[in-house]
Amino acid sequence: LQQSEAYAYFFRVRWPHGFVCPRCSHFAYFMITSRAAPLYQCRRCRHQTSLTAGTAMERSRTSLAIWAQALDALSKTHGLNAVQLSKQIGVSHKTAWTMLRRIREAIGRAELDSKLRGRTYLGLMFLGTRNLQPFVSHPQEHAVLLGSNIDHATGAPAVLKMLVVPPERLVRKQVVQDAVSSFVETHVHSESEEVVLLRRFALTIFSPLRKCFLRASAWLNTLFHGLGRKYLQSYLNEFCFRYNVESQGASLRDSLISVCLGKV
Ligand SMILES: [Zn+2]
């Protein structure tokens with residue numbers, strides 16, 4: 001991908017109906033191309049903006065063409081770790097790692113913006129090293145609250161959200177009310193009328209949530225070796241984002257690009 005093509009493509013995703021001044025919403029602009037990356041100046045208020053100002057790619061030393069390649073590579077696969085991305089697009093491991101971190105931060109913000117509506121089902125599940133004791137957690141075991149509303153046509157979760165539960169919010173491997181409230185505040189729309197917390201017994205029977213969780217668990221194991229708590233939430237966000245884009249029949253590539261061009 002040529003640099004100029006990348007600019008044109010990002011321009012179309014950022015301003016699908018043509019340029020809009022971020023300060024005054026005016027549509028007429030002129031382009032200043034003397035710098036490394038083009039600037040767009042509003043003809044009414046003279047505000048200057050770049051394609052990446054205020055986005056996940058702001059002040060990145062990586063060119064937009066490389067960003068476009070990375071987002072392309074991510075959207076053509078089920079996910080990439082930093083080693084795989086660095087090989088695919090020919091950048092250093094450190095650059096790939098930094099890009100993935102920024103992309104996952106942008107995904108995390110986007111996932112917070114879209115809320116669950118209708119009746120929400122919630123279940124607690126565990127990732128990592130399992131302790132077979134039912135009431136005592138293993139130190140490498142991570143509790144995750146999984147929430148979804150069900151698409152009644154397919155019986156599958158329509159929109160999926162996951163939230164890592166800190167150990168202090170568990171008692172005998174059950175969530176305390178605080179953890180449920182924090183999930184609801186984070187991911188459930190305020191007009192939603194009902195949240196159903198499924199008991200462990202129900203989760204084996206209520207298979208749609210369980211299936212999603214097993215998919216997420218397999219996805220994490222394939223891509224990321226050894227699950228530290230530090231980045232677990234951002235990986236789960238990416239899994240949910242991919243699931244939600246697919247379930248809505250949207251294009252993963254366009255969704256990734258618009259998320260990365262979203263406001264920070
Ligand atoms: Zn303006």
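Let me begin inside the protein, where helix α8 gives the most to the lining of the second largest cavity, with three residues. I should say at once that this is a predicted model, and everything I describe today is computed from it. That second largest cavity holds about 30 Å³ of space, and the residues lining it are Leu74, Ile103, Ile107, Glu238, Phe241, Arg242, Leu252 and Leu256. The elements that give two or more residues to this lining are α4 (93-113), α8 (229-247) and α9 (252-260). Sorted by class, the lining of the second largest cavity has six nonpolar residues, no polar ones and two charged ones.

How many cavities of 30 Å³ or more are there? The count comes to two, and the largest cavity contains about 80 Å³ of space. Its lining is made by Gly123, Leu124, Lys173, Gln174, Val175, Leu197, Leu198, Arg199, Arg200 and Leu203, with β4 (120-128), β8 (174-175) and α6 (200-205) each supplying at least two residues. In the lining of the largest cavity, five residues are nonpolar, two are polar and three are charged.

Strand β4 brings me to the open sheet of four strands, whose order is β6-β5-β4-β9 and whose pairing is mixed. At the edges of this sheet stand β6 (157-165) and β9 (195-197), each of which pairs on one side only, and neighbouring strands are turned by 30 degrees against each other on average, with direction ignored. Within the sheet, strand β5 (residues 141-150) and β6 pair in the antiparallel sense over eight bridges, and, to give one position, Ala143 has Val165 in β6 as its bridge partner.

Now to the other open sheet, which has three strands in the order β1-β2-β3 with antiparallel pairing. Here β1 (29-32) and β3 (48-50) are the edge strands, and each has a single partner strand, so one side of each is left without a neighbour in the sheet. The twist from one strand to the next averages 30 degrees. Strand β1 and strand β2 (residues 39-42) are paired in the antiparallel sense over four bridges, and the bridge partner of Met31 is Tyr40 in β2.

Which residues coordinate the zinc ion? The donors are the SG atoms of Cys21, Cys24, Cys42 and Cys45, at 2.3 Å, and along the chain they follow the spacing C-x2-C-x17-C-x2-C. Cys21 lies in the loop between α1 and β1, while Cys45 lies in the loop between β2 and β3, so this pair ties together parts that are 24 residues apart in sequence. The angles that the four donor atoms subtend around the zinc ion run from 105 to 113 degrees, which makes the arrangement tetrahedral. For reference, the ideal angle for four tetrahedral donors is 109.5 degrees.

Finally, the largest pocket, which contains about 360 Å³ of space. It is lined by 18 residues, and those closest to its centre are Tyr7, Ala37, Thr52, Ser60 and Leu64. Strand β2, which I mentioned for its pairing with β1, appears again here, as α1 (3-14), β2 and α2 (64-75) each supply at least two residues of the pocket lining. By class, the lining of the largest pocket divides into ten nonpolar, six polar and two charged residues.

Terms used: Residues are numbered from 1 along each chain as its sequence is written. This is a predicted model: local features need pLDDT of at least 70, side-chain atom pairs count only at pLDDT 80 or more; totals for chains, interfaces and linings use all residues. Side-chain values use heavy atoms; hydrogens and water are left out. On a 1 Å grid over the protein atoms alone, a cavity is a set of points where a 1.4 Å probe fits but cannot get out, and a pocket is an open set with protein on both sides within 12 Å along at least five of seven lines; lining residues have an atom within 4 Å of a point. Grid points are joined across faces, edges and corners, and a volume is the space filled by probe spheres set on the points. Ala, Val, Leu, Ile, Met, Phe, Trp, Tyr, Cys and Pro count as nonpolar, Asp, Glu, Lys and Arg as charged, and the others, Gly among them, as polar. Two strands pair if DSSP finds at least two bridges between them. Axes are lines fitted to C-alpha atoms, for helices over the stretch in contact, and angles run from 0 to 180 degrees between N-to-C directions. Donors are N, O and S atoms within 2.8 Å of the metal (3.2 Å for Na, K and Ca); water is not among the atoms, so sites may look incomplete. Four donors count as tetrahedral if all angles lie between 85 and 135 degrees; four count as square planar and six as octahedral if opposite donors are over 155 degrees apart and all others between 65 and 115; anything else is irregular.
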